[in-house]
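Visitor: I'd like to learn how to read the sheets and the ligand site in a model like this one. Could you walk me through it?

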Amino acid sequence: MKYILMNKNTEVLVAEYDTLLKGFNELIEIKNIDYAPIIIKNSCQANQKDNAILEQLTNWFKGRGIPSFRDDLDLLLAKLNVTTAEELLDKALGLSLSDQYWIKPYDSNVEYKDINFFEHDFNSADFTNITFSDSNDYSSKISLISPNNTTDGRLKKTWIIDNHKRYLVKGGYKNEVMQPFNEVLASMICERLGFYHTKYQIDVIANKIVSKCECFVNTDTELIPAHQILHNNCQKENAYEDYINILENNGIAKAREKIEDMFILDYIILNEDRHLNNFGIIRDVNTLKWLDVAPIFDNGQALNILDYNDEEVIINGQGRFFYNVNDFEKIISHIKNIKRVDISKLDGVVEEFDDLLHQYQSITHMTDRRINKICTLLFSRINKLKRYIDINE
Ligand SMILES: Nc1ncnc2c1ncn2[C@@H]1O[C@H](COP(=O)(O)OP(=O)(O)OP(=O)(O)O)[C@@H](O)[C@H]1O
Ligand SMILES: [Mg+2]
């Protein structure tokens, strides 16, 4: 079937989509390549052949879907009555709440203003229910006209509408409950240190602890993940400096400071998961102006939750740093200006987090011992950063 790839109201290219194989198999016309996803635009700039562009287009489009590693994907697909996540890709014209790309059937007159999920409500209750409830009811027909066809990431998640605002709701991994709390901890720390961040709060859905954050994209903007910005565009061993340079060259104010803030947060909470889809920039889709970094998001895989054991507190760890995995001590050494961090602003944050964990104990069944260990770890990390700042004074 012939589609026009759209970026909001702008026609990007025309291509044939194989609805069975769920991939593009013919590039018919390039109309406005500047408005293409950056990873595709860069392929064109590199003068790649049509086949390479097609492959990039297909990979990019497939990458919009729910990934194969989503927690309990099989169960979700069964409840949605589809066999693969790729089947969902074109159900709602590929629309998302993280950018403005969509595929318009070639002969259609449909317009962005009539279909986008920022301005048009979608049924979020059913998808939320099949995502988080333990019921194995496969009988209800779930609407596939929703932005939930195009969410990335490993954790169970759903977009909901609350008081006309769009929120992303995420659970913990398997039986772990700490991811949502770690998101909130990250918000507490960022708030106190003045880091530009996405604010997360705790909610309880179907007796499960979830985190909830407001959508940071609107009808005029898109999130461009770092991996697209860097693809074929950096020296892998110098990706950190290259990334900052690219952002600065595209007019993002205080780019270095903002990237540093993210890695300082990761150092404090031992966030292991700062992969290249977990940060990026916000671009205006009308003017293509780069506006800012994306507010720091996805901080749940932290505080050594994977390595937790009841006996000892492991206070070190490794984090992702562009194309490498490094000790946090090495990552922090890249920060040029650590002195600007007023660590005293974190006084009381351990107690605040301790209160939060106790508040939900009747749902999480987390033992006092575990809470105590988690808070001891947090306390140690803050002290470690304090010592590091003192040494570098
Ligand atoms: N507040 C938001 N507004 C718009 N888009 C968002 C928002 N938060 C996350 N996203 C998008 O949704 C994707 C998935 O969210 P997130 O990274 O929080 O999930 P995750 O399951 O924890 O991911 P991972 O697999 O990295 O652990 C992000 O990569 C980003 O593209
Ligand atoms: Mg993520």
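**Hairpins, sheets and a ligand**

Guide: Let's start with a hairpin: β10 and β11 form one, with 5 residues between them. In that turn, Leu288 has a positive phi of about 65 degrees. Keep in mind that this is a predicted model.

Visitor: How many bridges join β10 to β11, and in which sense do the strands run?

Guide: The general idea is that strands of a sheet pair through backbone hydrogen bonds, either parallel or antiparallel. Here β10 and β11 run antiparallel, and 3 bridges join them. To find the register, look for Ile282, which sits opposite Asp292 in β11.

Visitor: What does β10 do with β9?

Guide: β9 and β10 (residues 280–284) also pair in the antiparallel sense, over 5 bridges. A handy landmark there is Thr221, standing opposite Asp284 in β10. Put the pairs together and you get an open sheet of 3 strands, in the order β9-β10-β11, with antiparallel pairing.

Visitor: Which strands stand at the edges of that sheet?

Guide: Those are β9 (221–225) and β11 (290–293). Each has a single partner strand, so one side of each is left without a neighbour in the sheet. As for the twist, neighbouring strands in this sheet are turned by 30 degrees against each other on average, if you ignore direction.

Visitor: In what order do the strands of the 4-stranded open sheet come?

Guide: The order is β5-β6-β8-β7, and the pairing is antiparallel. The edges are β5 and β7; each has a single partner strand, so one side of each lacks a neighbour in the sheet. From one strand to the next, the twist averages 35 degrees.

Visitor: Where should I look for the register in this one?

Guide: Take it pair by pair. β7 (residues 200–205) and β8 pair in the antiparallel sense over 6 bridges, and Ile202 stands opposite Ser211 in β8. Those two strands form a hairpin with 2 residues between them, where Ala206 takes a positive phi near 50 degrees. Then β6 and β8 pair in the antiparallel sense over 4 bridges; the bridge partner of Tyr167 in β8 is Glu214.

Visitor: And how do I read the side chains on a strand?

Guide: As a general guide, in a regular strand the side chains alternate between the two faces of the sheet.

Visitor: Which residue forms a salt bridge with Arg166?

Guide: That's Asp121, with the closest N and O atoms 3.1 Å apart. Arg166 lies in strand β6, while Asp121 is in the loop between α4 (112–115) and α5 (125–132), so the pair ties together parts that are 45 residues apart in sequence. A search of the whole structure turns up 29 salt bridges.

Visitor: Now the ligand. How many residues surround ligand 1, and which are the closest?

Guide: There are 21 around ligand 1, and the closest are Arg154, Lys157, Lys170, His275 and Asp298. By class, the shell has 9 nonpolar, 5 polar and 7 charged residues.

Visitor: Which backbone atoms should I check against the oxygen atoms of ligand 1?

Guide: Start with Arg154, where a polar backbone atom is 2.8 Å from an oxygen atom of ligand 1. Next, a backbone N or O atom of Leu155 lies 2.9 Å from a ligand 1 oxygen. For Asn277, the distance from a backbone N or O atom to an oxygen atom of ligand 1 is 3.4 Å.

Visitor: How much of the accessible area of ligand 1 does the protein cover?

Guide: On its own, ligand 1 has 610 Å² of accessible area, and the protein covers 93% of that. The elements giving two or more residues to the shell are β5 (157–162), β6 (165–170) and β8 (208–214).

Definitions and conventions:
Residues numbered from 1 in each chain as written. Chains lettered and ligands numbered in written order. Predicted model: local features only at pLDDT ≥ 70, side-chain atom pairs only at ≥ 80, totals over all residues. Heavy atoms only, no water. Near = heavy atom within 4 Å. Polar contact = N/O pair within 3.5 Å; in protein donor to acceptor, adjacent residues only side chain to side chain. Areas by Shrake-Rupley, 256 points an atom, 1.4 Å probe, with all protein chains shown as cover. Nonpolar A, V, L, I, M, F, W, Y, C, P; charged D, E, K, R; others polar. Pairing = 2+ DSSP bridges. Axes fitted to C-alpha atoms, helices over the stretch in contact; angles between N-to-C directions. Salt bridge = Lys/Arg side-chain N within 4 Å of Asp/Glu carboxyl O.
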